[in-house]
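User: Could you take a close look at one strand in this model and walk me through its surroundings? I'd love one connected explanation.

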Amino acid sequence: MTWSREITVPFAPETLASGIQHQGFLSRCWYRRIVDAWDPGDGRVLLHFGAVDHRATVWVDDVLVVRHEGGYTPFCCDITTFMRAGQPVTLTVCADDDPLDLAKPRGKQDWLREPHSIWYPRTTGIWQSVWMERVRRTWLDRIRWTPSLVAWDLHLECWFAGELAEVMHLDVAVRSGDRLLAMDRYRVTGDELSRRIAFSDPGIDDSRNDLLWSPEAPHLLDVTLELSTAQGEVLDRVTSYTALREVALSADRFVLNGRPYYLRLVLDQGYWPDSGATAPSDDALRQDVELAKAMGFNGVRKHQKIEDPRYLYWADRLGLLVWEEMPSAYRFTSTSVERLTREWLEVLARDRSHPCIVAWVPFNESWGVPNLPDNPSHRHYVQSLYHLTRTLDPHRPVIGNDGWESSATDLIGIHDYDADPERLRTRYHSDDVVPRLFRKERPGGRVLVLEGHVHLDHPIVLSEFGGITYSSEPRTWGYSRCDTAAALQARYTDLLQAVHDSRIFAGFCYTQFADTYQEANGLLLADRTPKFPLADMHCATRGRPDR
């Protein structure tokens, strides 16, 4: 094989940032890199991949070390054996990604040669970070946090890897700033551990609130975990964080930390002009979180993308709610069911500990299940993923199929791109309209709920609306258009006021955060420049002071 071109990883070859900017279809990418050997000592060397789309095969010095399928989730392999020789090693990666395959999770990646409508350029191969890690001979492989405000405690789950001694100890310290909340020692006798860390409940709200996480006060708890032998030798030391945060539903309201909380979300596609689905830098991820808050939103719906974990880190640290949504496959086959289910389980395993994530969305607008009302297999698929998600994480609401045709859900999402504020105000003005809404209205041309499958007292979120395009670029697309920045501001303000006037919504999600390729209906340009002043945007987004 001739290696004639260089690529900047982790940017996909379709992007300018990669140095390739390939136009057209790519079905396979090969990567090779020679790296210096790391001395593992008495430990191990691990090779990590954040995400490779879609099927990755990895060799070290021509020896197969790992295969992974799924373009949005991480994997790693142990390459210690190759490092012990002390010589440079050759890493080779083959990424297979059929651009025409609609039976794999692909989200907004277009199957046509040129992006059209609401679909974008493809992301082939490596698109998240690749790194090596040196670990000790025994290490803390994975942890998971689950907070409870009822018990006022944290559930800690740990998994250990490597050479496991018969008896080990895990010391855990939890701090809030300089204040030590807990310091516990646990005896470890296997490859996993599950314990609850109880705190002294201050009782009154003022003292409790000092420890709770919310977008307005994103209070994180710092954690140190130290694994040692019975003789006191430290095997591994990990720093982490978590939060005391609880989400629930009460009748027709979304509840955060025991209080009704109105959702002001913005739909975020997670693309950048020169780097596609990969953020150009960590600062860019932080900036997107800061901009969403400056625009008046308290959360985002990450649409058809499993975002880089660093975005979730900044959402945790700065305070921004996240709805996490599985990228869709567009065909219903046994292969697509197996692929999506397997990858969704990996998504849940990767992200369950993030306090910012407050909802899971396995399906969007019946994509991949186009005959939900009439095909029992399609309904069973949605229902099974809803129940599987609830089984693995009973602490967050699950929106089985966002937009319409709800058959298994904790919260009803409605997509309605009507551009007339008065029609929206009439359609959703009060609780009295709900029975008629579910029986008669079809905002997206589809029935909102499937009869007999959803209770009418579920919270309702207008989870897509707006989509107003203002752009000087040719051949742009949107759900409606205006000609000036002033007109966009007026239309946005009027539309948001109509939504705020409705009494039936537990929140909303506006389309969208930023222009994305030809879909120019963002409140920001693709380079994140606001289309009208952020202060005015914030005022319109926030709306009524009682919410």
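Analyst: Happy to help; here is a walk around strand β20 and its partners. Please keep in mind that this is a predicted model, in which local features need pLDDT of at least 70, side-chain atom pairs count only at pLDDT 80 or more, and totals for chains, interfaces and linings use all residues. Residues are numbered from 1 along each chain as its sequence is written, and side-chain values use heavy atoms, with hydrogens and water left out.

Strand β20 covers residues 263-268; strands are DSSP runs of E with at least two residues, helices are runs of H or I with at least four, and both are numbered from the N terminus. Six of the six residues of β20 are buried, so the strand is largely enclosed by the rest of the structure. Buried here means under 20% relative accessible area, with a 1.4 Å probe and protein chains only.

In a regular strand, side chains alternate between the two faces of the sheet. In β20, Leu263, Leu265 and Leu267 point one way, while Arg264, Val266 and Asp268 point the other way, and all are buried.

Now for the neighbours, where pairing requires at least two DSSP bridges between two strands. β20 pairs with β30 (residues 505-511) in the parallel sense over five bridges, and leucine 267 has threonine 511 of β30 as its bridge partner. β20 also pairs in the parallel sense with β21 (residues 299-302), over four bridges; there, valine 266 stands opposite valine 300. From β20 the chain crosses through helix α3 (residues 282-294) to β21, a right-handed β-α-β crossover. Right-handed means that, with the strands pointing away from the viewer, the path from the first strand over the helix to the second runs clockwise.

Technical notes
Buried means under 20% relative accessible area, exposed over 50%, partly exposed in between (1.4 Å probe, protein chains only).
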